[in-house]
Amino acid sequence: MSQTRGLEGVVATTSSVSSIIDDVLTYQGYHIDDLAEQSSFEEVVYLLWNGKLPTKQELDAFSKELFANMQVPDEIFNYMKAYPIADVHPMAALRTAISQLGLYDKDADKNDVETAKKSAIKLQAKVATVVTGFARIRNGKEPVKPKEGLSFAANFLYMLNGEEPNEVAEDAFNKALVLHADHELNASTFTARVCVATLSDIYSGITAAIGALKGPLHGGANERVMQMLSEIEQPENVDSYVQGMFDKKEKIMGFGHRVYKNGDPRAKHLREMSKKLGGITGEDKWYEMSLQIEKIVTEEKGLLPNVDFYSASMYHSLGIDHDLFTPIFAVSRVSGWNAHILEQYSDNRLIRPRAEYVGPGKQQYVSIENR
Ligand SMILES: CC(=O)SCCNC(=O)CCNC(=O)[C@H](O)C(C)(C)COP(=O)(O)OP(=O)(O)OC[C@H]1O[C@@H](n2cnc3c(N)ncnc32)[C@H](O)[C@@H]1OP(=O)(O)O
Ligand SMILES: O=C([O-])CC(=O)C(=O)O
């Protein structure tokens, strides 16, 4: 048997949800640039789950259904109030709350595609309410109920801040959701598929995926990028800070990618939004520092920014707490995880690879008294 470290380059399944071919990302065949520029997040979710863009009527009905499922049982928020809240990371709270939500869905254990699709809508709708609810509860505020008529992006910011966002903020946030929605067989999506391929339920699959996204080599990188920017503090410190990281052989968060070696096609959109929002807030130093970091890391290491790099300064400019960056990634990625889970259910086979054994050879058992 031979093995490939980290399964690099291994094709583990077929999928029609999204593709990365020659560094071009498409969702169901639609170019990410077109979707980022023109579509709403709701449209993208519909596309990922149904394999086609919705008509106006289909989109209206789907958006209504999403809205109708946004509220979460009071018990979810009551549990949050009992968490040791000062020490709880919002990704841990999200992982716990999504698992708890499964307790309140009487169909949670059915894994036929039609029933799972209903649970998928509940999960997509409620994940925004859970993330924003926790963000408020930990600050001693009550959760805000979703408002009818707002887009998914606007509703998220409304439930987070208690006031409707302006058009620029809504557009930027919508675009970020679209850009993060799916990404072929990334680590968290693979996790979700492995989990449900045992014919476990969709809530288990999404809970497992959240756990995988949380790590700093995956979705957790965006929060670390902002931590780095905050430590650098001023543009004049960028050079010495980054050189210091090189000297210590530390990874620069937000750079590099397992699949893209010529750059992540989502990064340019996020760079643009970081610039625009920084200009509007009058605090463009985060964007300026990010640009400087990109220049140094690219020139000296040949590494390019991934989706997590410019999303950090962009979310910061929207006034979002830094530890909510990864949960926001999850709010969007639930759409892709759901699509992959539904695809897995529709043509399932247990995912069970092999390991090449490198442990000790045959050993003689010695009883405990004689060891
Ligand atoms: C949404 C997402 O998940 S996007 C990725 C988010 N994660 C990050 O931004 C974390 C930082 N980046 C990384 O750790 C990596 O680039 C990964 C995990 C994304 C991809 O990793 P892999 O394909 O396994 O590459 P691997 O970690 O083996 O790196 C290959 C080489 O490039 C170097 N390298 C890769 N990324 C970085 C980085 N960000 N900073 C410094 N060096 C890096 C490694 O040190 C390694 O060097 P070596 O061969 O001299 O040991
Ligand atoms: O594909 C990957 O390995 C990570 C990534 O960029 C994503 O999940 O969006």
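Domain bounds here come from an automatic or database domain assignment. With that settled, I opened the model, which is a predicted one.

**Entry: the two domains**

I looked up how the chain is split. Domain 1 takes in 26-217 + 323-346, and domain 2 covers 221-317. I then checked the distance between their centres over C-alpha atoms and got 26 Å. Where they touch, domain 1 puts in 15 residues and domain 2 puts in 18 residues. On the domain 1 side, the elements giving two or more residues are H1, H8 and H16. H8 gives the most to that side, with six residues. I also sorted that side of domain 1 by class: eleven nonpolar, two polar and two charged residues.

**Entry: helix H8**

Since H8 gives the most to that side of domain 1, I went to look at it. H8 runs over residues 167-180. Does its length fit its residue count, and why? At 1.5 Å a residue, its 14 residues should span 20 Å, and the end C-alpha atoms are 20 Å apart, so the two agree.

Next I asked myself which residues of H8 are buried. I found Ala172, Phe173, Asn174, Lys175, Ala176, Leu177, Val178, Leu179 and His180. The helices they pack against are H1 (32-38), H2 (41-50), H7 (152-161), H13 (267-281), H15 (307-317) and H16 (325-346).

**Entry: the whole chain**

I stepped back to the protein chain and counted 16 helices and three strands. The radius of gyration is 21 Å, close to the 21 Å that the globule rule gives for 371 residues, so the chain is as compact as a globular protein of that length. Along the principal axes, I read about 70 × 55 × 45 Å for the C-alpha trace. Buried residues come to 45% of the 371. Of the contacts with a separation of 6 or more, 75% are between residues 24 or more positions apart.

**Entry: the ligands**

Around ligand 1 I have 18 residues, and Ala221, Lys251, Phe255, Gly256 and Arg258 come nearest. By class, that shell holds seven nonpolar, seven polar and four charged residues.

What surrounds ligand 2? I noted His183, Asn186, Arg258, Val259, Asn306 and Val307. That shell divides into two nonpolar, three polar and one charged. Arg258 turns up in my notes for ligand 1 and again for ligand 2.

**Entry: two positive phi values**

I flagged aspartate 23, a residue other than glycine with a positive phi near 65°. Aspartate 23 sits in the loop between strand S1 (18-21) and strand S2 (24-27). It has 13 C-beta neighbours inside 10 Å, so I put it down as partly exposed.

Glutamine 28 went on the list too, with a positive phi of about 50° although it is not a glycine. I placed glutamine 28 in the loop between S2 and strand S3 (30-31). Its count is 19 C-beta neighbours inside 10 Å, and buried starts at 20, so glutamine 28 is also partly exposed.

**Entry: aspartate 74**

Last stop was aspartate 74, which belongs to helix H4 (residues 74-82). Is aspartate 74 buried or exposed? I found 9 other C-beta atoms within 10 Å, so it is exposed. I also took its C-alpha to C-alpha distance to glycine 215: 29 Å in space, with their positions 141 residues apart in sequence.

Terms used
Residues numbered from 1 in each chain as written. Chains lettered and ligands numbered in written order. Predicted model: local features only at pLDDT ≥ 70, side-chain atom pairs only at ≥ 80, totals over all residues. Helix = DSSP H or I, 4+ residues; strand = E, 2+ residues; numbered from the N terminus. Expected span 1.5 Å × (residues − 1). Buried ≥ 20, exposed ≤ 12 C-beta atoms within 10 Å, placed from the backbone. Contact = placed C-beta atoms within 7 Å. Rg over C-alpha atoms; globule rule 2.2 N^0.38 Å. Nonpolar A, V, L, I, M, F, W, Y, C, P; charged D, E, K, R; others polar. Near = placed C-beta within 6 Å.
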